[in-house]
Amino acid sequence: MAAPDGTLNCEDFSMFQEGLKVMRTIDDRIVHALNTTVPTVSFSGKVDATQTCKELYESLMKAHLSRDKAIKTCIAQKSEVVVQLREEREKDSDNLKLVKQLRKEQTNLKLMQSELNVEEVVNDRSLKVFVERCRIHYLPPKV
(Lines give C-alpha, C1' and ligand atoms only; values in the text may rest on other atoms or scores of the structure.)
Protein backbone atom coordinates (compact mmCIF):
# COMPACT_ATOMS: atom_id res chain seq x y z
CA MET A 1 0.00 0.00 0.00
CA ALA A 2 0.98 3.62 -0.30
CA ALA A 3 2.67 5.03 2.71
CA PRO A 4 1.41 8.35 4.06
CA ASP A 5 4.49 10.04 2.58
CA GLY A 6 3.54 8.97 -0.95
CA THR A 7 5.98 6.11 -1.41
CA LEU A 8 4.97 2.97 -3.23
CA ASN A 9 6.04 -0.66 -3.00
CA CYS A 10 8.10 -0.92 -6.18
CA GLU A 11 9.02 -4.60 -5.78
CA ASP A 12 5.58 -6.14 -6.22
CA PHE A 13 3.50 -4.76 -9.11
CA SER A 14 0.16 -5.71 -7.56
CA MET A 15 1.10 -3.82 -4.38
CA PHE A 16 2.31 -0.93 -6.57
CA GLN A 17 -1.12 -0.78 -8.23
CA GLU A 18 -2.92 -1.07 -4.90
CA GLY A 19 -0.87 1.85 -3.57
CA LEU A 20 -1.76 3.94 -6.61
CA LYS A 21 -5.43 3.06 -6.14
CA VAL A 22 -5.29 4.42 -2.59
CA MET A 23 -3.41 7.53 -3.74
CA ARG A 24 -6.02 8.16 -6.48
CA THR A 25 -8.91 8.39 -4.00
CA ILE A 26 -9.12 12.18 -4.32
CA ASP A 27 -9.50 11.88 -8.09
CA ASP A 28 -12.07 9.11 -7.81
CA ARG A 29 -14.18 11.26 -5.50
CA ILE A 30 -13.75 14.63 -7.21
CA VAL A 31 -17.40 14.91 -8.29
CA HIS A 32 -18.59 14.17 -4.76
CA ALA A 33 -16.11 16.64 -3.30
CA LEU A 34 -17.27 19.35 -5.68
CA ASN A 35 -20.94 18.63 -5.03
CA THR A 36 -20.49 18.85 -1.27
CA THR A 37 -18.15 21.84 -1.13
CA VAL A 38 -19.04 24.13 -4.03
CA PRO A 39 -22.40 25.78 -3.41
CA THR A 40 -25.20 26.16 -5.89
CA VAL A 41 -26.40 29.68 -6.74
CA SER A 42 -28.99 29.67 -3.94
CA PHE A 43 -26.36 28.87 -1.28
CA SER A 44 -23.50 30.89 -2.72
CA GLY A 45 -23.61 33.50 0.05
CA LYS A 46 -23.06 31.00 2.84
CA VAL A 47 -19.76 29.50 1.62
CA ASP A 48 -16.65 31.09 0.14
CA ALA A 49 -16.62 29.15 -3.13
CA THR A 50 -13.45 30.82 -4.34
CA GLN A 51 -11.48 29.67 -1.31
CA THR A 52 -13.07 26.22 -1.40
CA CYS A 53 -12.20 25.73 -5.08
CA LYS A 54 -8.68 27.02 -4.53
CA GLU A 55 -8.09 24.59 -1.65
CA LEU A 56 -9.51 21.69 -3.65
CA TYR A 57 -7.32 22.59 -6.62
CA GLU A 58 -4.22 22.76 -4.42
CA SER A 59 -4.97 19.36 -2.88
CA LEU A 60 -5.52 17.90 -6.36
CA MET A 61 -2.19 19.27 -7.58
CA LYS A 62 -0.41 17.99 -4.48
CA ALA A 63 -1.87 14.51 -5.04
CA HIS A 64 -0.98 14.55 -8.75
CA LEU A 65 2.62 15.59 -8.07
CA SER A 66 2.98 13.04 -5.29
CA ARG A 67 1.76 10.17 -7.49
CA ASP A 68 3.88 11.29 -10.43
CA LYS A 69 6.98 11.40 -8.25
CA ALA A 70 6.21 7.99 -6.70
CA ILE A 71 5.63 6.35 -10.10
CA LYS A 72 8.80 7.84 -11.57
CA THR A 73 10.80 6.72 -8.52
CA CYS A 74 9.59 3.14 -8.98
CA ILE A 75 10.38 3.29 -12.71
CA ALA A 76 13.90 4.47 -11.92
CA GLN A 77 14.37 1.65 -9.39
CA LYS A 78 13.10 -0.99 -11.82
CA SER A 79 15.28 0.44 -14.59
CA GLU A 80 18.35 0.02 -12.39
CA VAL A 81 17.39 -3.59 -11.65
CA VAL A 82 16.89 -4.30 -15.37
CA VAL A 83 20.27 -2.76 -16.25
CA GLN A 84 21.98 -4.81 -13.53
CA LEU A 85 20.30 -8.04 -14.71
CA ARG A 86 21.29 -7.31 -18.32
CA GLU A 87 24.91 -6.93 -17.27
CA GLU A 88 24.73 -10.22 -15.37
CA ARG A 89 23.12 -11.91 -18.38
CA GLU A 90 25.95 -10.73 -20.64
CA LYS A 91 28.42 -12.46 -18.32
CA ASP A 92 26.33 -15.63 -17.97
CA SER A 93 23.96 -15.93 -20.94
CA ASP A 94 23.27 -19.64 -20.31
CA ASN A 95 21.67 -19.02 -16.92
CA LEU A 96 17.95 -19.57 -17.59
CA LYS A 97 16.94 -18.44 -14.13
CA LEU A 98 18.64 -15.10 -14.76
CA VAL A 99 17.00 -14.71 -18.18
CA LYS A 100 13.59 -15.46 -16.66
CA GLN A 101 14.18 -12.92 -13.86
CA LEU A 102 15.23 -10.30 -16.43
CA ARG A 103 12.05 -10.83 -18.46
CA LYS A 104 9.92 -10.57 -15.34
CA GLU A 105 11.59 -7.30 -14.32
CA GLN A 106 11.30 -5.90 -17.86
CA THR A 107 7.58 -6.71 -17.88
CA ASN A 108 7.10 -5.00 -14.51
CA LEU A 109 9.02 -1.97 -15.78
CA LYS A 110 6.77 -1.71 -18.84
CA LEU A 111 3.67 -2.02 -16.67
CA MET A 112 4.91 0.75 -14.38
CA GLN A 113 5.67 2.94 -17.38
CA SER A 114 2.13 2.37 -18.64
CA GLU A 115 0.86 3.72 -15.30
CA LEU A 116 2.20 7.13 -16.36
CA ASN A 117 -0.33 7.07 -19.22
CA VAL A 118 -3.10 6.05 -16.83
CA GLU A 119 -2.02 8.85 -14.52
CA GLU A 120 -2.30 11.37 -17.35
CA VAL A 121 -5.86 10.25 -18.12
CA VAL A 122 -6.88 10.36 -14.44
CA ASN A 123 -5.39 13.84 -14.00
CA ASP A 124 -7.04 15.18 -17.17
CA ARG A 125 -10.43 13.82 -16.11
CA SER A 126 -10.18 15.34 -12.64
CA LEU A 127 -9.09 18.72 -13.94
CA LYS A 128 -11.88 18.74 -16.53
CA VAL A 129 -14.50 18.10 -13.84
CA PHE A 130 -12.87 20.68 -11.57
CA VAL A 131 -12.88 23.38 -14.27
CA GLU A 132 -16.52 22.65 -15.16
CA ARG A 133 -17.66 23.25 -11.58
CA CYS A 134 -15.20 25.85 -10.34
CA ARG A 135 -14.49 28.01 -13.40
CA ILE A 136 -16.89 30.70 -12.14
CA HIS A 137 -15.27 30.82 -8.70
CA TYR A 138 -11.60 30.03 -9.28
CA LEU A 139 -9.42 29.73 -12.37
CA PRO A 140 -6.24 27.75 -11.70
CA PRO A 141 -2.97 29.26 -12.86
CA LYS A 142 -1.71 28.18 -16.28
CA VAL A 143 0.96 25.52 -15.95
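Is Lys-78 buried, partly exposed or exposed, and what is its relative accessibility? In this predicted model, Lys-78 has a relative accessibility of 3% and therefore counts as buried, the limit for that class being under 20%. The legends below take up the charged pairs, the nonpolar core and the surface patches in turn.

**View 1. Lys-78 and Glu-105 form a salt bridge between their side chains.** The N to O distance of this salt bridge is 2.6 Å. Lys-78 belongs to helix α4 and Glu-105 to helix α5, and the pair thereby links distant parts of the chain that are 27 residues apart. Glu-105, with a relative accessibility of 7%, counts as buried, and Lys-78, at 3%, counts as buried too. A further position to place in this view is Glu-11, whose C-alpha lies 8.1 Å from that of Lys-78, although 67 residues separate Glu-11 and Lys-78 in sequence.

**View 2. A salt bridge joins Asp-27 to Arg-67.** The side chains of Asp-27 and Arg-67 meet with an N to O distance of 2.7 Å. Because Asp-27 lies in helix α2 and Arg-67 in helix α4, this pair ties together parts of the chain that are 40 residues apart in sequence. Asp-27 has a relative accessibility of 0% and counts as buried; for Arg-67 the relative accessibility is 0%, and this residue counts as buried as well.

**View 3. Arg-24 and Glu-115 are paired in a salt bridge.** In this pair the closest N and O atoms are 3.2 Å apart. Arg-24 lies in the loop between α1 and α2 (25–28), whereas Glu-115 lies in helix α5, so the contact ties together parts that are 91 residues apart in sequence. Arg-24 is buried, its relative accessible area being 11%, and Glu-115, at 7% relative accessibility, likewise counts as buried. Two C-alpha separations help to place the pair within the fold. The C-alpha atoms of Arg-24 and Gln-113 are separated by 17 Å, these residues being 89 positions apart along the chain. Lys-72 and Glu-115, which are 43 residues apart in sequence, have their C-alpha atoms 9.7 Å apart in space. Lys-72 itself is found in helix α4 and, at 45% relative accessibility, counts as partly exposed.

**View 4. Five charged residues are linked in a network of salt bridges.** The members of this network are Arg-24, Asp-27, Arg-67, Glu-115 and Glu-119. The network thus includes both residues of the Asp-27 and Arg-67 salt bridge and both residues of the Arg-24 and Glu-115 salt bridge. For the structure as a whole, a search finds six salt bridges.

**View 5. The largest nonpolar core has 16 residues.** Those with the most contacts inside this core are Leu-8, Phe-16, Leu-20, Ile-71, Cys-74, Ile-75 and Met-112. Helices α1 (13–23), α4 and α5 each supply at least two residues of the core. The largest share, six residues, comes from α4.

**View 6. Arg-86, Arg-89, Arg-103 and Lys-110 form a positive patch on the surface.** Helices α4 and α5 each contribute at least two residues to this positive patch. Arg-103, one of its members, is found in helix α5. With a relative accessible area of 55%, Arg-103 is exposed, because the limit for that class is over 50%.

**View 7. A patch of negative charge gathers Glu-87, Glu-88, Glu-90, Asp-92 and Asp-94 on the surface.** Asp-92 sits in the loop between α4 (49–91) and α5 (96–134). At 34% relative accessibility, Asp-92 counts as partly exposed, and this value satisfies the requirement of over 30% relative accessible area that applies to members of a patch. Helices α4 and α5, on either side of the loop that holds Asp-92, are also the helices that each supply at least two residues of the positive patch.

Note on methods
Residues numbered from 1 in each chain as written. Predicted model: local features only at pLDDT ≥ 70, side-chain atom pairs only at ≥ 80, totals over all residues. Heavy atoms only, no water. Patch = residues over 30% accessible without salt bridge, like charges linked within 9 Å, V, L, I, M, F, W, Y side chains within 5 Å. Areas by Shrake-Rupley, 256 points an atom, 1.4 Å probe, with all protein chains shown as cover. Salt bridge = Lys/Arg side-chain N within 4 Å of Asp/Glu carboxyl O. Lys, Arg positive; Asp, Glu negative; His and termini not counted. Charge placed at Lys NZ, Arg CZ, Asp CG, Glu CD. Helix = DSSP H or I, 4+ residues; strand = E, 2+ residues; numbered from the N terminus. Buried < 20%, exposed > 50% of the residue type's maximum accessible area, 1.4 Å probe, protein only. Core = buried A, V, L, I, M, F, W, Y, C linked by side-chain atoms within 4.5 Å.
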